[in-house]
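Trainee: I should like to examine this structure with you, one question at a time. May we begin once it is displayed?

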There are 2 protein chains.
Amino acid sequence: MSHSYAYARPALAADVVLFGAAEDELEVLLIERGGAPFLGCPALPGGFVRVDEDLEAAVRRELAEEAGVSPGWLQQLQTFGRVDRDPRERVVTVAYWGLVRRVDHRPVAGTDARSARWHRLDSLPALAFDHREIVDVALRRLQVRIRYEPVGFELLPEEFPLSRLQGLYETILRRPLDKRNFRRKVLALDILAEVGRKEEGVAWRPAQLFRFDRERYQQALEKGVLFDL
Amino acid sequence: MSHSYAYARPALAADVVLFGAAEDELEVLLIERGGAPFLGCPALPGGFVRVDEDLEAAVRRELAEEAGVSPGWLQQLQTFGRVDRDPRERVVTVAYWGLVRRVDHRPVAGTDARSARWHRLDSLPALAFDHREIVDVALRRLQVRIRYEPVGFELLPEEFPLSRLQGLYETILRRPLDKRNFRRKVLALDILAEVGRKEEGVAWRPAQLFRFDRERYQQALEKGVLFDL
DNA sequence: CCAAAAGTGTTTATGATACACCCATGT
DNA sequence: ACATGGGTGTATCATAAACACTTTTGG
């Protein structure tokens, strides 16, 4: 196989900002670095991309190896390539961001040696490399995206009351929303299906449960109704 | 310097979709490939990223070398990494998109051996690699971005009549806009400065010339007025 | 005086926002 | 009975969209 130039090549990595939703705050999955540099420092899951592996596949592999999780939603975020972002050598990283239902992935035991843990976004520790910057970009992306694509559901349990959905939006957008207006808008989209059951085990009036209905969402798209919250 | 793994590494390239505005249609800058594969085939300007060079710097260098142009606006688009996108070997490319004032770069003589030429977007030839896909993604990005960021001005001469600006939006968005509504909205943003001179050499009533006023735009941003056309 | 584009307001419809009370349930 | 979140409707305001004629200039 011919090489187009003989000089040293930048190394190519892929990292991922995986978001999960705790009751009242967003969380990010971090691993603890098992090697130099930044030994023991929290960092984003990720690693080098293999020659025969697609970028997204690399991210999914790393997530499985390092934390045993599989995101329900995953998309490219941005590529970070500052020359000095890795003190060892030139490493360009293709960052992804993903969403996962925390409830499906209870303990997140790292199958790898490195320990993976959820960290609240409002009290992140110092991160390795430029990973803090990557998290910030991912958060901004989430804040924009959640308003015009139905991605928030990937953070919630399959069935949820509307107030939980509203709480999620308030957490992500960091501002209070009006209950009546929120309900009206969400229901008008006609992309939720009433489950027909109610919350259980709460000490007050139990709420109706809903689930996101992909089929209806597709129909709404075709009708030109666009998601906008 | 230690390497984190000994296996073959993907190669890293950077390519750019550079848009220019002709009178009535968008154009894209393409070079003709000087080597295998796709010899002689039109392709996006770009090349391999050097180890000691930032991604954006690589793009600017390639644009200067291959086409002698310097974009007024340049931003990362997306990274394309399908395993088989280059038949020779694994090449991951960080794609950028840029805007340039055609009038500032008259002939675009390739200082490099390869010939660079502007091609109308409505009649693109077949492109090398997955470059057509990259162009499509860039166009969609431009169509979205131009509505809420004042980037269109980078495609126009420094001074322009409002009808030219409207024509540009119509070309990019591919739909007609109402003259009165467009003018009202643009002027309400308060980011244009009247030059005080009029068009010359036209065979009809000459229009007032305007220019984009970056300072006013910053002030508008701080006041919370957001660009939206 | 003709051709061609420049320039200018008002009306209507639609969607966004603000706002307060009663209901159902568990303890 | 009481505490707690669940659930509901209306009035107002702001923004977007539709729409046609007069003006200015060069030829």
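Trainee: In what pattern do the helices and strands of chain A follow one another along the sequence?

Mentor: Helices (H or I, at least four residues) and strands (E, at least two) are DSSP runs, numbered from the N terminus. By this criterion chain A holds five helices and nine strands. Read along the sequence, the pattern is β-β-β-β-α-β-β-β-α-α-α-β-β-α.

Trainee: On what conventions do such statements rest?

Mentor: This is a predicted model, in which local features need pLDDT of at least 70 and side-chain atom pairs count only at pLDDT 80 or more, while totals for chains, interfaces and linings use all residues. Residues are numbered from 1 along each chain as its sequence is written, chains are lettered from A and ligands numbered from 1 in the order in which they are written, and side-chain values use heavy atoms, with hydrogens and water left out.

Trainee: What percentage of the residues in chain A is buried?

Mentor: A residue is buried under 20% relative accessible area, exposed over 50%, and partly exposed in between (1.4 Å probe, protein chains only). Chain A has 229 residues, and the buried share of them is 52%.

Trainee: What distance separates the end C-alpha atoms of helix 1 of chain A?

Mentor: Helix 1 covers residues 55-67 of chain A, which is 13 residues. The expected span of a helix is 1.5 Å times one less than its number of residues. For helix 1 of chain A the expected span is 18 Å, and this agrees with the separation of its end C-alpha atoms, 18 Å.

Trainee: Which residue just after helix 1 of chain A takes a positive phi?

Mentor: Within helix 1 of chain A, the buried residues include Leu55(A), Arg61(A), Glu62(A) and Ala67(A). Just after this helix, a positive phi of about 65° is taken by Gly68(A).

Trainee: Is Phe129(A) buried or exposed?

Mentor: Phe129(A) is placed in the loop between strand 7 (116-120) and helix 2 of chain A. Its phi is near 50°, a positive value in a residue other than glycine. Because its relative accessibility is 17%, Phe129(A) counts as buried.

Trainee: How far apart are the C-alpha atoms of His131(A) and Leu162(A)?

Mentor: His131(A) belongs to helix 2 (residues 131-148) of chain A. With a relative accessible area of 3%, His131(A) is buried. Although His131(A) and Leu162(A) are 31 residues apart along the chain, their C-alpha atoms are separated by 34 Å.

Trainee: What is the C-alpha to C-alpha distance between Leu139(B) and Leu26(B)?

Mentor: Leu139(B) lies in helix 2 (residues 131-148) of chain B. Its relative accessible area is 14%, so Leu139(B) is buried. Leu139(B) and Leu26(B) are 113 residues apart in sequence, and their C-alpha distance is 9.7 Å.

Trainee: Which residue is joined to Pro37(B) by a cis peptide bond?

Mentor: Pro37(B) is in the loop between strand 2 (26-32) and strand 3 (42-43) of chain B. The cis peptide bond has an omega of about -10°, and the partner of Pro37(B) is Ala36(B).

Trainee: What is the relative accessible area of Phe38(B)?

Mentor: Phe38(B) is in the loop between strand 2 and strand 3 of chain B. Although not a glycine, Phe38(B) has a positive phi of about 60°. Phe38(B) is partly exposed, and its relative accessible area is 34%.
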